[in-house]
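Here are my notes on the model you asked about. Keep the structure open while you read, and find each piece as it comes up.

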Amino acid sequence: MRPAYLARRNPTVLLGLVLATSVVTLFLHDVPRLGALYALLLLAALAGARFPPRRLALAQIPFVLFAAGIVVVNALTRPAPEGLIIGVALGLRALAIGTASLILARAAEPRALMVSLVQHARLSPRIAYALMAGHRMLEHLPGRWRTITRAHLVRSGRERLSPRQLGRCAFALLVGSLRSGERLAFALESRGLTDGPRTVWRPVPLGRGDALLVAVCALVVAAVVAVPA
Amino acid sequence: MIRAEQLEIVLPGGGGVGPWSGSIGPGEHVLVLGPSGAGKSTLLRALAGAVPQHVHGRVEGALSIDGIDPIRAGVAATSDRVGFVGQDPVAGVCLSRVADEVALPLENRRWRPEDIGPRVAEVLAQVGAAHLQERETAELSGGELQRVALAAALAARPAVLLLDEPTAMLDASGVAAVRRAVQGLPAEVAVILVEHRLDDWAGERGLAGLPPRTIALDERGRVLEDGPTAAVLARHGPRLAAQGCWLPREVPLGPARMTVRDLHVSRGVRPVLRGLELDLHGGEMVAIMGANGAGKSTLLESLASRSPRPGLVLQNPEDQFVAATVRAELAEGLPAGAADRVEAMLARIGLAEHAEASPYRLSGGQKRLLSIGAMLLHGREVLLADEPGYGLDRAAAVRTLRLLRDAADEGAAVLLTSHDAQAAHRWADRVLRLEDGVLR
C-alpha cells in the first residue's frame, strides 16, 4: 500500500506548515474560527496522515486535559460569560496545535525529516545525525530501564523497589546513557561526520506535490481567517 | 603506513600506554595483548585520533598514519584512512537503518551518490551481511550489528582497521562471522586487533589463526615485546597469564615439567602405548579420557617412574596408606619441622577432627582427599592421579578435583585420568583422548 498522502510530502515542508499553522492560531481569538481549524486538522490527520481514529482519539487525551484546564481556569478567573468564551478559544488553540504536531509525528519519518532538514533547511549535519543517533538510543532506553530495575529487584530481594532504589536505578540509567552517548559521538566522528560539505545518497525529494500542499493549506487557512464569523 | 616514534599516551591518573616505536605496513595484521588496564583500548583510540578529544590525556612522541597525524587531525579527519570497530555493537551503530549506516561514511566523504549504493551492497556482502541491507538496526542481533559496524568502518576503504574487542559481546557464531569478515579483507588493509577471546578468534587453526605479529603490554602499559606472535607468546605467555590475560590453548602456562616422546609400552605381546607424545606444563591440568583398557593406567605407571619423580595417587587410596593415623599418614616422609604444614593440610582437606583416626576408617571421599593431601605435601612438580573422582558422590568428587585444580593453579603440572567427560571439561585446561596407543 502506498504511504499516506502527507507521508509522501517533504517533511521539512510539513514541519514548516505545522509551525505556520501554530503561528496563525496565535492571532485567532474566536471560537468558530479556531473550531473550524481544529476540525480541518482532525480531518487532515484522518485522511491525509491515515491516523487510525482510535489512535487519534487516544493521542488527543493529553491535549484535551490541557485544554480543559485552560477552560476551567479562564471561566473561573474572568468575568462571565467572556471568561468561558476566551477559555474555550484558548483550549481549541491548544487542541489545534497539538493535532498539527501529531500529524507531523505520524507523517514524517525521522530519518527523512533530518535528511530533509539538512538538505532543505540548512540544518548542520552534525546536529541532524547526532539527533538521529540519539533517537535510536532513546528507543533502547525502555529496555535498559527494565534490565536495570530487574537487576536491582534481584539484589533487593523484595517484591517492589522503594523510591530510593528507583532513584538509584535512574542514576545507573543516566550514567549508562552518558557513556553510550560518548561512544556514539566517537562512532559518528569515526564515520567522518563533520559540518563540511557532504553528498546525500538517498535525498528526500522536494517537488510540485509539496508546492501544491503549501498552496492548498495557505488557501484553506486564509479562507478560515477571512470568512466573517 | 603507521609509523610511531616513542609514542606514549599519558592519562590524567598517571597511567598510560607506551612508549612504542615501530611501524606497521600495508596488509599487516597485529594483535595487541596485555592485562586489563594496560591501555590497549587507549592505544587504539589514540591511533584513531580520539586523544585528547574523546579520551582525556596527553600524547608524547610522533605518530603518522598514511601521512596523517591523528593526534593533530582528530577523529573525523583521521577516519579518512582509519576504520574503527569497538566492543559495544549497540553504541557502535548510529542510525536506524542498516543501509544508511553504511552509506553515512561515504556521504561524509563526498562520494558521488550513484557510487554509494553499489559500494554499500558490496561492503555488506564482504562482511556476510548483504541480506541485512534494508533491515532496521533495532531488530538485529549483536553479531549482525557488529558486522554492520564492520561494514561501516570498511565502507570508505580505510588503509587501517582498528578492532577493539570486536567479539566481546558475541556468541560463538557471531565471533566466527566477524573473524571471517576480517580474514576476507582486501590484502592491503592493515589490521590492529585487541581481543581476549583468542581461541574463539583463532578457531580451528589454533595459533596460525591469530595475527602473525603481537605487541604485548605489561600491566603498566609498557611494551614487553613487539614481534612474531608465537615467539612473543612463548616468551611472555606465563607472565601474561599470571596477570590475567586469556591466552590461546596451545600456549603453555608455565615451563614444561615433563616431556614424553615416542613412548612404547606393551602388555605381554600386546602393544598398549605406541609412540605416545606428551608435554606437561607447570600450571596446567590435563585430563586423559579413553575406554577401559585403552592404557590410561599403564601410561600413569610409566610416567610415575620418570624424572622428576611425580606424585601419584592411585585409584584405590587404601593401596597407598602406610601409617596408623591420618596425621601420621600426612607426616610420612616429611622432615621433622613440617608439623605446621601437616596441620594446615589437615584443615584444608577437612580432616582435622579425624587426625587421630585410622586412615582405613575414613569414608571413601575422605580417603581420596587424604591420599591427595599426603602427595601434595611433598611439593612435587608433577602430580598424577588415576580416576580421582571415581566412586565418589558429587560433593566429594568436587572437593577432590578442586584440590588438584588448586595444585595446578599454584604451579604444579597435574595429569589425571577420568571417565567423566563433564568433570574433565569443567576442571582441566586440556582434555586428551587415549586411543590406539596415542593421545589425540
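1. Start with two strands of chain B, S14 (residues 382–386) and S15 (residues 413–417): they run parallel and are joined by five bridges. If you want a spot to zoom in on, pick B:Leu384, which stands opposite B:Leu415 in S15(B). Bear in mind as you look that this is a predicted model.

2. Now zoom out to the sheet around that pair. It is an open sheet of six strands in chain B, and the order across it is S13-S14-S15-S12-S16-S17, with mixed pairing. Which strands sit at the edges? They are S13 (311–313) and S17 of chain B, and each of them pairs on one side only.

3. Next, follow S16 of chain B, since it has a partner on either side in the strand order. With S12 (residues 285–289), S16 (residues 430–435) pairs in the parallel sense, over four bridges. One place to see this is B:Ala287, whose bridge partner in S16(B) is B:Val431.

4. With S17 (residues 438–439), S16(B) pairs in the antiparallel sense, this time over two bridges. Here B:Leu434 stands opposite B:Leu439 in S17(B). S16(B) and S17(B) form a hairpin, and two residues lie between the strands. Have a look at B:Asp436 in the turn: its phi is positive, about 55°.

5. Time to step back to whole domains. Chain B is divided into domain 1 (2–242) and domain 2 (256–439), and the C-alpha centres of these two domains lie 45 Å apart. Chain A also has a domain 1 and a domain 2: the former is written in two pieces, 6–114 + 205–226, and the latter covers 125–190. For chain A, the C-alpha centres of the domains lie 34 Å apart.

6. How many residues of each chain are in contact with the other? The count is 28 residues on chain A and 41 residues on chain B. Between them the two chains bury about 3000 Å², with 55% of it on carbon and sulfur atoms. The interface also has 17 residue pairs in polar contact, counting pairs where both residues are at pLDDT 80 or more.

7. Where on chain A does its side of the interface come from? Helices H6 (125–156) and H7 (163–190) each supply at least two residues of the side that touches chain B. The largest share comes from H7(A), with ten residues. Sorted by class, this side of chain A has twelve nonpolar, six polar and ten charged residues.

8. Finally, the charged pairs. As a general point, side chains of opposite charge can pair when their charged atoms come close. A search of the whole structure finds 36 salt bridges over all chains, and the count between chain A and chain B is seven. One to find is A:Arg183 with B:Asp88, whose side chains meet at 2.7 Å, N to O. Another salt bridge brings together the side chains of B:Glu101 and A:Arg191, at 2.8 Å, N to O. B:Glu101 lies in helix H4 (residues 98–108) of chain B, while A:Arg191 is in the loop between H7 and H8 (208–226) of chain A, so this pair joins two chains.

Note on methods: Residues are numbered from 1 along each chain as its sequence is written. Chains are lettered from A and ligands numbered from 1 in the order in which they are written. This is a predicted model: local features need pLDDT of at least 70, side-chain atom pairs count only at pLDDT 80 or more; totals for chains, interfaces and linings use all residues. Side-chain values use heavy atoms; hydrogens and water are left out. Contact means heavy atoms within 4.5 Å. Buried area is the accessible area (1.4 Å probe) that two parts lose on being put together, summed over both. A salt bridge is a side-chain nitrogen of Lys or Arg within 4 Å of a carboxyl oxygen of Asp or Glu. A polar contact is a pair of N or O atoms within 3.5 Å; within protein, one must be able to donate a hydrogen and the other to accept it, and residues adjacent in sequence count only if both atoms are side-chain atoms. Ala, Val, Leu, Ile, Met, Phe, Trp, Tyr, Cys and Pro count as nonpolar, Asp, Glu, Lys and Arg as charged, and the others, Gly among them, as polar. Two strands pair if DSSP finds at least two bridges between them. Domain bounds come from an automatic or database domain assignment.
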